[in-house]
Amino acid sequence: MPLLTDISDLPGGTVLILGGTAEGRALAAALADPIVPAFRVISSLAGRTREPLLPAGEVRIGGFGGVDGLVGYLRAERVDFLVDATHPFAEQISANASAASAATGLPLLVLRRPGWIEQSGDDWRRVPTLEAAAALLPRLGRRIFLTTGRQGIAAFADATECWFLARSVEPPTPPMPRHLEVLLDRGPFTVDGELRLLRDRRIDVLVSKDSGGADAKLVAARTHGIPVVLIDRPPPPTVAMTVGSVEAAMTWLRDGRARGGTAEAAR
Ligand code: NAP
């Protein structure tokens with residue numbers, strides 16, 4: 001339910017959060033807190049999941065229609081601050097946000113959780129792409145726990161020697177591996193639950209994107225001595241400032257607001 005109901009006389013600016021992540025929801029919740037100087041907050045979701053976790057404040061769902069569509073939206077809603085809090089692997093929308101910021105002069109902040117760091121006891125192979133991960137698999141093991149998300153499963157369609165347990169929020173679509181069991185589930189996951197899953201399904205390799213954030217599956221893999229194939233994240237857009245926490249994003253917004261924002265640039 002929106003906490004900021006009447007935005008007409010608030011002194012703060014309008015923030016568009018490109019979301020679909022826990023960070024996006026956390027930032028929207030922090031900005032909706034009544035003790036925070038008022039912002040109008042709009043969160044944008046791609047509309048990939050049928051029952052998305054909805055952020056606090058206003059929410060819009062669906063693509064904008066490329067860079068031009070995003071620019072049009074920013075102008076129509078008189079957005080003052082653009083925050084790209086999308087998933088580290090959502091490259092297209094991040095590139096669009098960068099281009100829209102350049103076209104409008106709107107300040108853009110990238111809020112991106114830090115990637116994971118290997119610890120003692122881990123057995124990780126870092127690879128640049130999903131395809132490189134698929135190429136490594138038969139040598140590493142045959143019973144694979146695939147946690148790359150629905151859209152990442154197709155890259156493993158030709159790995160016919162392996163059996164896959166793929167976990168995703170929505171069912172995958174073809175192409176898919178021949179030996180595939182799909183587990184429809186959404187986090188957060190516990191270490192105990194992940195330990196049980198790896199043991200019960202006799203998993204011998206975990207495949208994940210380097211998404212960062214909650215790491216129960218990595219802790220479980222370390223505990224069981226299971227190798228992990230980790231897909232490196234693409235670099236963040238270079239033109240924007242990047243922060244790794246909601247607190248840092250709040251500071252950026254407060255500072256921008258103290259400077260009067262740059263709302264005029266987009267209008
Ligand atoms: P993508 O490939 O970067 O984006 C493809 C298109 O989807 C964009 O050009 C845009 O369409 C639309 N879109 C993406 N995010 C949007 C948003 N937050 N609001 C409005 N439109 C959006 O994105 P993706 O990798 O498919 O991810 C889609 C969403 O799922 C993202 O919001 C992301 O945060 C979330 N997510 C992604 C992953 C992942 O592994 N990629 C994992 C968890 C969550 P238009 O060009 O028409 O504007």
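**Close-up views of the ligand site and a helix pair**

**View 1. Elements that build the shell around the ligand.** In this predicted model, strand β2 (40–45) and helix α3 (91–104) each supply at least two residues of the shell around the ligand. Helix α3 gives the largest share, with 4 residues. If you like to think in terms of chemistry, the shell divides into 13 polar, 6 nonpolar and 4 charged residues.

**View 2. The nearest neighbours of the ligand.** Here we look at the residues lining the ligand. There are 23 residues around the ligand, and those that come nearest are Ser 44, Phe 64, Gly 65, Gln 92 and Lys 209.

**View 3. Polar atoms facing ligand oxygens.** Two of the pairs shown here involve the protein backbone: a polar backbone atom of His 87 is 2.9 Å from an oxygen atom of the ligand, and a polar backbone atom of Ala 90 is 3.3 Å from an oxygen atom of the ligand. From a side chain, Gln 151 places a polar atom 3.3 Å from an oxygen atom of the ligand. As for cover, the ligand taken alone exposes 800 Å², and the protein buries 78% of that.

**View 4. Helix α2 against helix α3.** Now for the partner of a helix we have already met. Helix α2 covers residues 66–76, and its axis comes within 9 Å of the axis of α3. At what angle do the axes of α2 and α3 cross? They cross at roughly 55°, and α2 and α3 are therefore oblique to each other. The crossing in which α2 passes α3 is right-handed.

Conventions. Residues are numbered from 1 along each chain as its sequence is written. This is a predicted model: local features need pLDDT of at least 70, side-chain atom pairs count only at pLDDT 80 or more; totals for chains, interfaces and linings use all residues. Side-chain values use heavy atoms; hydrogens and water are left out. A residue is near a molecule or strand if one of its heavy atoms lies within 4 Å of it. A polar contact is a pair of N or O atoms within 3.5 Å; within protein, one must be able to donate a hydrogen and the other to accept it, and residues adjacent in sequence count only if both atoms are side-chain atoms. Accessible areas come from the Shrake-Rupley method with a 1.4 Å probe; for residues, only the protein chains shown count as cover. Ala, Val, Leu, Ile, Met, Phe, Trp, Tyr, Cys and Pro count as nonpolar, Asp, Glu, Lys and Arg as charged, and the others, Gly among them, as polar. Axes are lines fitted to C-alpha atoms, for helices over the stretch in contact, and angles run from 0 to 180 degrees between N-to-C directions. Angles under 35 degrees count as roughly parallel, over 145 as roughly antiparallel, 65 to 115 as roughly perpendicular and the rest as oblique. A crossing is left-handed if the near helix is turned anticlockwise from the far one by less than a right angle, and right-handed if clockwise.
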